[in-house]
Amino acid sequence: MGVWQALASLVGTDLLLPGPLDTFARLGSLAVTADFWSIIAASMARILIGWLIGVFIGAALAALTAMSHAVSAFFSPAMSVIKATPVASFVMLAFVWIRGENLPVFCTVLMVLPLAWANIHEGLLSADRDLIEMARAFRLDRSTIFRTIRLPALLPHLFGAIRVSLGFAWKAGVAAEVISHVGRSIGGELYDAKLYLETIDTFAWTAVIILLSVLLEKLCAAAMNRAAVRFGAASGRAVNAK
């Protein structure tokens, strides 16, 4: 923060580099308006919808590829291509068929899909085969095998997929909003601020993006920790019941 203020003082003009005090003062003036919160809500809704769809499709596809080497060989190259393609390229390609608010959702799904698929696919294959065979020898039912062997192996990969893909979804969604200039969105506000040389607004909306990203990460981590504790307790009860 001190370095930022020193550089702003050295530059001497808000048009090129506003200081942190001016930036957060502008952020405070934005935060007391209803439009500010409706814009944030709209962007978060679009991005979270895209993220949920991407994770769901990735998980379903991972279940299929984990069961069949042929299906895995068919989808793996496509996932690699999607993962390697920049967000800007997806926006430009998709802009021909998709317009408006649906475009950031579509781009978010594409960014999340290969990450979710790769982590969940690996998690499904990471269960100890010897333990599974032993459980079958003791005639444990499939639900018990899943809860006590497969799910503990899957959860770290699933949690990793959720955490990493959420961060990518947020960045990809906002980037898609900027490139496609979606109205009433964080990306749209960032685009307008840059277009009209409102540098303080550019920094203020960038601060919003960073703060919301940190908040989402903290909430996600807390939810996953709570889920892990509950699963541990439930798994212990299931084992003791047997």
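1. Let's start with a bit of vocabulary: a helix crossing is called right-handed if the near helix is turned clockwise from the far one by less than a right angle, and left-handed if the turn is anticlockwise. In this model, which is a predicted one, helix H5 makes a right-handed crossing with helix H8.

2. Stay with that pair for a moment. Two packed helices are described by the angle between their axes and the distance between the axes. For H5 and H8, the angle is about 50° and the axes are 10 Å apart. Roughly perpendicular starts at 65 degrees and roughly parallel means under 35, so H5 and H8 count as oblique to each other.

3. Which residues meet where H5 packs on H8? On the H5 side, look for Val-87, Ala-88, Val-91 and Met-92. Their partners in H8 are Ala-172, Ala-175, Ala-176, Ile-179 and Ser-180. Sorted by character, this contact has 8 nonpolar residues, 1 polar residue and no charged ones.

4. Now for the largest nonpolar core, which has 49 residues. The members touching the most other members are Trp-170, Ile-186, Trp-205 and Val-208. Plenty of helices chip in: H2, H3, H4, H5, H6, H8, H9 and H10 each supply at least two residues. Which helix gives the most to this core? That would be H8, with 12 residues.

5. Trp-170 is a good one to click on. Not counting residues up to four places away in sequence, Trp-170 touches Met-44, Ile-47, Ile-186, Ile-209, Leu-212, Ser-213 and Leu-216. Apart from the big core there is another core, made of 6 residues, including Ile-132, Ala-135, Ile-149 and Ala-153.

6. Next, Thr-108, which sits in helix H6. Is Thr-108 buried or exposed? Its relative accessibility is 0%, and buried means under 20%, so Thr-108 counts as buried. Skipping neighbours within four places in sequence, Thr-108 is in contact with Ile-47, Gly-50, Trp-51, Ala-169 and Gly-173. Thr-108 and Ala-175 are 67 residues apart in sequence, yet their C-alpha atoms are 9.6 Å apart in space. You've met Ala-175 already, in the contact of H5 with H8.

7. Last stop: Ser-72, in helix H4. Ser-72 has a relative accessibility of 14%, so Ser-72 counts as buried. With neighbours up to four places away in sequence left aside, Ser-72 is in contact with Thr-65 and His-121.

Key. Residues are numbered from 1 along each chain as its sequence is written. This is a predicted model: local features need pLDDT of at least 70, side-chain atom pairs count only at pLDDT 80 or more; totals for chains, interfaces and linings use all residues. Side-chain values use heavy atoms; hydrogens and water are left out. A nonpolar core is a set of buried Ala, Val, Leu, Ile, Met, Phe, Trp, Tyr and Cys residues joined through side-chain atoms within 4.5 Å. Buried means under 20% relative accessible area, exposed over 50%, partly exposed in between (1.4 Å probe, protein chains only). Helices (H or I, at least four residues) and strands (E, at least two) are DSSP runs, numbered from the N terminus. Contact means heavy atoms within 4.5 Å. Axes are lines fitted to C-alpha atoms, for helices over the stretch in contact, and angles run from 0 to 180 degrees between N-to-C directions. Angles under 35 degrees count as roughly parallel, over 145 as roughly antiparallel, 65 to 115 as roughly perpendicular and the rest as oblique. Ala, Val, Leu, Ile, Met, Phe, Trp, Tyr, Cys and Pro count as nonpolar, Asp, Glu, Lys and Arg as charged, and the others, Gly among them, as polar.
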